[in-house]
Amino acid sequence: MEALGDIRILIVEDELIIAEDIRTKLVSLGYKVTGMAVSADEAEELLQTVRPDLVMLDIMLKGQRDGIDLARVIRGQFKIPFIFLTSYADKDTIERAKTVMPDGYLLKPFTDKDLFAAIEVAIFRRSNVNGTADDASRESPNEVLNDCIFIKKDYLLIKIKFSDLLWIKS
């Protein structure tokens, strides 16, 4: 079980030990970690510069804004998928989280397999050109992925940048 391609992930987690553990798991699964942030403000700065393919987002963050507030910005401005990583499974938190339409919701502690499955499904859903009717409210794939495509190989998705393509045969 290892990701192929160059899928870039930003980690937003206010507990540094947990953030480092997530980074280690992501790297061992074959993903590229583009940065780590402890607050919504720090994450927004990184989003501007590193342009990740996916954000792993804790709900409770340091500072005035929490992960759900940041998720609204990610969904509205950056249009990239995000997965909530949280210890909170209470009804109020889940109801608030649902309002920003996360691409995944993982409860801590989670396994490598949980993390891998959540990331692959989130990336697949965003890169699937033949979306279903219930995905009509989401962004079109061209808005999300304007510099790459994902090719399915076995059960994995491989990210390929347009600049790396010489030719394609289907």
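1. Buried residues have under 20% relative accessible area, exposed residues have over 50%, and partly exposed residues fall in between. Glutamate 20, with a relative accessible area of 32%, is therefore partly exposed. The model under discussion is a predicted one, and the points below should be read with that in mind.

2. Glutamate 20 has a charged partner in helix 1, which spans residues 16–28. Its side chain forms a salt bridge with that of arginine 23, with an N to O distance of 2.6 Å. The two residues stand 3 residues apart, about one turn of the helix. Arginine 23 has a relative accessible area of 28% and so is partly exposed as well.

3. Helix 1 also holds lysine 25 and aspartate 21, which are 4 residues apart, again about one turn of the helix. Their side chains meet in a salt bridge of 3.8 Å, taken from N to O. Is each partner in this pair buried or partly exposed? Lysine 25 counts as buried because its relative accessibility is 16%. Aspartate 21 counts as partly exposed because its relative accessibility is 39%.

4. A further pair of this kind is found in helix 4, residues 91–98. Here the side chains of glutamate 95 and lysine 98 are joined by a salt bridge of 3.0 Å, N to O. These residues are 3 residues apart in the helix, about one turn. Glutamate 95, at 36% relative accessibility, is therefore partly exposed.

5. How many salt bridges does the structure hold? The total is 13. In addition to the pairs described above, Asp66, Asp69, Arg72 and Arg96 are linked through salt bridges into a network.

6. Lysine 108 deserves separate attention. This residue is placed in the loop that runs between strand 5 (105–107) and helix 5 (112–127). Its relative accessible area is 18%, so lysine 108 is buried; the cut-off for that class is under 20%. The side chain of lysine 108 makes a polar contact of 2.7 Å with the side chain of glutamate 13. When neighbours within four places in sequence are set aside, lysine 108 is in contact with Glu13, Ile18, Asp58, Leu85, Thr86 and Ser87.

7. The backbone after lysine 108 should also be examined. What kind of peptide bond joins lysine 108 and proline 109? The bond is cis, with omega at about -5 degrees. Proline 109 likewise belongs to the loop between strand 5 and helix 5. As a general rule, most peptide bonds are trans.

8. Two residues call for a check of the backbone angle phi. Most residues other than glycine have a negative phi. Arginine 51, which is not a glycine, has a positive phi near 45 degrees. Lysine 79 is not a glycine either, and its phi is positive, at about 55 degrees.

9. Where do these two residues lie? Arginine 51 is in the loop between helix 2 (40–50) and strand 3 (54–58). Lysine 79 is in the loop between helix 3 (67–78) and strand 4 (82–86). Arginine 51 counts as partly exposed because its relative accessibility is 40%. Lysine 79 has a relative accessible area of 24%, and is therefore partly exposed.

Conventions. Residues are numbered from 1 along each chain as its sequence is written. This is a predicted model: local features need pLDDT of at least 70, side-chain atom pairs count only at pLDDT 80 or more; totals for chains, interfaces and linings use all residues. Side-chain values use heavy atoms; hydrogens and water are left out. Buried means under 20% relative accessible area, exposed over 50%, partly exposed in between (1.4 Å probe, protein chains only). A polar contact is a pair of N or O atoms within 3.5 Å; within protein, one must be able to donate a hydrogen and the other to accept it, and residues adjacent in sequence count only if both atoms are side-chain atoms. Contact means heavy atoms within 4.5 Å. A salt bridge is a side-chain nitrogen of Lys or Arg within 4 Å of a carboxyl oxygen of Asp or Glu.
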